[in-house]
Amino acid sequence: MKCNKTLLKITPLIVACTLAVSGCSSTKVQRVDANQEVALSDKWNGKDSQLVAEAMINDMLSFPWVNDHLQKEGQRPAIIIQSVRNKSHQHIAVDTFLNDLKRAILRSGQADFVANQDVRLEIREERKDQELNSSLETQNEMGQEQGADYALSGTINSFVDEQGGSRVTFYQVDLRLIDMTTNREVWNGQKKIQKLQKRSRFGF
Amino acid sequence: MQSNVFNHFYLATCLLCLSLVTGCQSTPANKSAILLAQQGNFESAKQAIRTDYSPNGKSKLLHYLELGMLNHLQGNYERSNRLLTEAQEIIEAQYTISVVESAVALVSGPTYTTYAGKVYHRPLINLYKALNYNALANRAGPNKQQYLDSAMVEMRQLDTYLSNLKSETGGYKKDTEQAPTSDQLINKIYRIIQPIFAPSDLLVNIDYKDDAFAHYMSGMLFERSEELDSARIQYQRALSAFENGFAKQYNLDDKKITAQVYTDLIRVMTKAGGYHNEIRKLKKKFNHAPRGAQLPLLNVVQNVGIGPQRKEFNLLLKADNESKALVMTPILWGTDKERKAQMRWFQMLFADTSIFDMVQNYALGDIGDVAMGALTKRIPLGSLWDDAEDAGLIQALEYGSRISVTYLEPLQQQVKSSEVWVNGQKAAELDKIYSVSLLTLQDALRNANSEIQVALTREIIKAITAQKTINATGLDQSFAGFAKFATSVVNAVTASADLRQWQSLPAQINYVQIPLTKGTYEITLKTHLTSGKVIEQSEAVDVSDSITLWHTRTFLHQSRVTVPESTFL
């Protein structure tokens with residue numbers, strides 16, 4: 001009986017302490033390698049962007065159009081990225097993906113990359129400014145831009161299948177390269193990513 | 001003996017008074033905020049939200065939902081979307097129910113849980129985000145396509161959500177809101193109070209099973225982006241949902257709305273091509289041909305008023321030794337209108353007004369019990385009385401216990417009609433396409449049974465725990481009586497219903513589609529109120545695409561719109 005009474009008296013204390021401890025939370029931040037994948041959800045993340053860009057550009061540069069162009073023109077092909085439309089169910093930072101694509105192209109050394117329209121306009125403004133303000137020796141001439149030989153464009157699509165706490169997300173990136181002179185599609189690439197996320201209905 | 005009776009009466013009166021005082025209605029901060037926004041005081045409205053709803057607290061969802069909506073109304077679309085995205089993520093995270101939090105809520109109250117929103121909030125978040133992206137698309141030159149794509153992302157998320165909802169509900173949704181419990185005492189009390197509530201067949205067809213309006217808006221936005229296949233699918237889903245119960249459930253004019261969706265469906269099928277057989281079947285089914293000339297379409301979406309407020313009302317639970325029953329009596333409080341609403345809510349959902357209840361009361365009590373049926377709810381325990389005594393329930397309810405539940409006042413029809421005038425000429429009348437008021441009411445009705453069950457269980461557990469603690473202290477009779485009264489008071493003060501809700505939503509949404517040739521028009525929206533007042537809103541709208549969407553918020557207590565709350569899309 002006495003034991004029961006003691007237990008009764010300390011029970012609220014134990015409950016209160018447990019709740020207090022479980023309620024305690026602290027913020028912890030640590031540096032991780034930018035190449036290391038930190039997947040907190042099944043959403044499209046930086047690693048997906050990087051992996052897809054590298055894989056697709058490698059595939060693209062392995063097709064015969066590069067050598068054909070070199071033989072015909074005697075110089076590396078110049079590519080422009082037109083647009084990659086996000087048709088998925090997730091908000092994907094398309095600009096980040098495009099930057100990954102550009103880096104992969106430039107790193108390969110097999111093709112040149114031409115700036116897109118927005119950047120070109122900015123550069124032209126800069127050249128106009130140079131005409132007025134820069135010395136003759138350091139000025140860059142207008143009309144000497146390199147035109148793109150090929151245009152790269154594509155889409156990111158996704159499908160979601162969900163049942164209870166399980167969700168399968170399937171991302172598909174489709175890219176195509178068009179010869180700007182002939183409109184021939186010289187390459188068409190596809191990369192698929194599938195992610196499975198499981199969530200528990202009850203937790204602590 | 002007389003003194004003892006007097007003491008008990010005095011203590012019970014004190015308890016009742018304290019219950020009433022703590023149960024006093026006060027306007028929640030988010031209601032005050034939207035009332036401020038109605039008058040154009042957006043900064044004060046936002047400050048009210050920031051003060052009362054922390055971005056990290058249990059009501060953090062309301063922080064983001066309300067601020068998201070206020071920024072949307074102000075035209076801060078990027079900011080609104082960032083806030084609504086946070087809200088989406090909070091709702092997602094609530095999929096996993098915290099057992100610890102549920103256990104705490106069981107003994108302390110539902111307001112101690114993290115607010116997870118209502119099932120119909122998610123589609124509305126997607127919709128408002130899509131509207132924000134479309135508005136941004138119209139503002140931005142080179143990024144237009146990116147914003148339109150983002151709007152479509154929201155519509156795809158919406159589709160995934162609604163597909164899951166449909167597969168989950170399958171007609172009627174299972175009650176999945178309660179966390180499992182292994183507590184024997186709780187299970188025992190659940191069994192005792194099980195027969196208390198309104199027969200389940202009285203509350204049929206009020207589940208949120210699908211969202212025809214969300215499908216329809218989705219179809220419209222897909223069509224605007226020339227994604228005709230997706231638009232067709234969404235229109236088909238909208239048509240099916242409107243026809244099969246959505247229109248009836250939310251009191252919409254089903255003939256008009258289905259005719260509208262049918263017209264849209266045929267249009268996208270014709271545009272896409274290859275649907276001759278389907279078009280023929282549809283034309284046969286609806287027996288009238290849609291408009292021939294394909295003029296650009298102006299879609300007017302009017303968000304009207306402010307959604308209803310959830311309020312609290314209290315019940316006193318006592319044990320009746322003579323008839324071996326638990327008796328619940330409503331404690332009516334507030335204005336005359338509020339008290340009437342509380343009584344009607346009680347009578348509608350809980351009171352012993354069915355023939356079965358009357359016969360049961362007659363069998364267990366006397367004629368008085370039958371007559372009192374409309375004012376009380378009796379839970380005859382019969383053979384369970386001894387179990388209840390063993391569990392300490394009867395003793396714990398000596399001074400009664402306060403139960404708090406939510407109710408909604410009867411919905412008032414404040415809008416008589418809404419008209420669209422184009423360049424000074426009346427063009428069309430708007431029809432109701434969505435009712436947040438009815439969604440809120442039906443949600444409250446649907447949850448009324450489980451809410452009172454959980455509230456009853458919680459208050460009984462609290463009372464029994466207090467009783468056991470007092471017994472264990474070994475206090476003499478007079479001190480034990482005082483201690484019991486004191487714990488009853490504490491329990492009464494801490495009892496409260498969960499009144500949290502997304503308050504800045506409109507009460508209803510009206511819609512009409514007007515074919516116009518390309519050009520800029522002076523669009524005026526005239527809202528006729530039942531009070532005779534007419535609210536006018538005007539804006540120059542440029543109809544340049546095949547689908548143009550103009551949406552606006554009409555507050556009913558403001559004669560002229562002075563804030564940028566309308567959006568040309």
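## Chain B: its partner, its helices and two loops

In this structure, 19 residues of chain B are in contact with 20 residues of chain A, where contact asks for C-beta atoms, placed from the backbone, that lie within 7 Å. This is a predicted model, so local features need pLDDT of at least 70 and side-chain atom pairs count only at pLDDT 80 or more, while totals for chains, interfaces and linings use all residues. Residues are numbered from 1 along each chain as its sequence is written, and chains are lettered from A and ligands numbered from 1 in the order in which they are written.

**The side facing chain A**

- Strand 1 (97–98), helix 6 (99–108), helix 8 (144–169) and helix 19 (436–473) of chain B each give two or more residues to the side that touches chain A. Helices (H or I, at least four residues) and strands (E, at least two) are DSSP runs, numbered from the N terminus.
- Helix 8 of chain B supplies the largest share of that side, eight residues.
- Sorted by class, that side of chain B has nine nonpolar, eight polar and two charged residues. Here Ala, Val, Leu, Ile, Met, Phe, Trp, Tyr, Cys and Pro count as nonpolar, Asp, Glu, Lys and Arg as charged, and the others, Gly among them, as polar.

**Helices 12 and 13**

- The axes of helix 12 (residues 254–272) and helix 13 (residues 276–286) of chain B come within 10 Å and cross at roughly 160 degrees. Axes are lines fitted to C-alpha atoms, for helices over the stretch in contact, and angles run from 0 to 180 degrees between N-to-C directions.
- That crossing makes helix 12 of chain B roughly antiparallel to helix 13 of chain B (angles over 145 degrees count as such).
- Among the residues that meet here are B:Tyr262 and B:Leu265 from helix 12, with B:Ile279 and B:Phe286 from helix 13.
- Eight nonpolar, one polar and one charged residues make up this contact.

**Helix 2**

- B:Asn30, B:Lys31, B:Ala33, B:Ile34, B:Ala37 and B:Gln38 are buried in helix 2 (residues 29–38) of chain B. Buried means 20 or more other C-beta atoms within 10 Å of a residue's own, exposed means 12 or fewer, and partly exposed is in between, with C-beta atoms placed from the backbone.
- Helix 3 (42–52) and helix 4 (60–74) of chain B are included in what covers them.

**Two loop residues**

- B:Asn251 has a positive phi near 55 degrees and sits in the loop between helix 11 (228–249) and helix 12 of chain B.
- B:Lys324, with phi near 50 degrees, is in the loop between strand 3 (311–320) and strand 4 (325–331) of chain B.

Notes: Angles under 35 degrees count as roughly parallel, over 145 as roughly antiparallel, 65 to 115 as roughly perpendicular and the rest as oblique.
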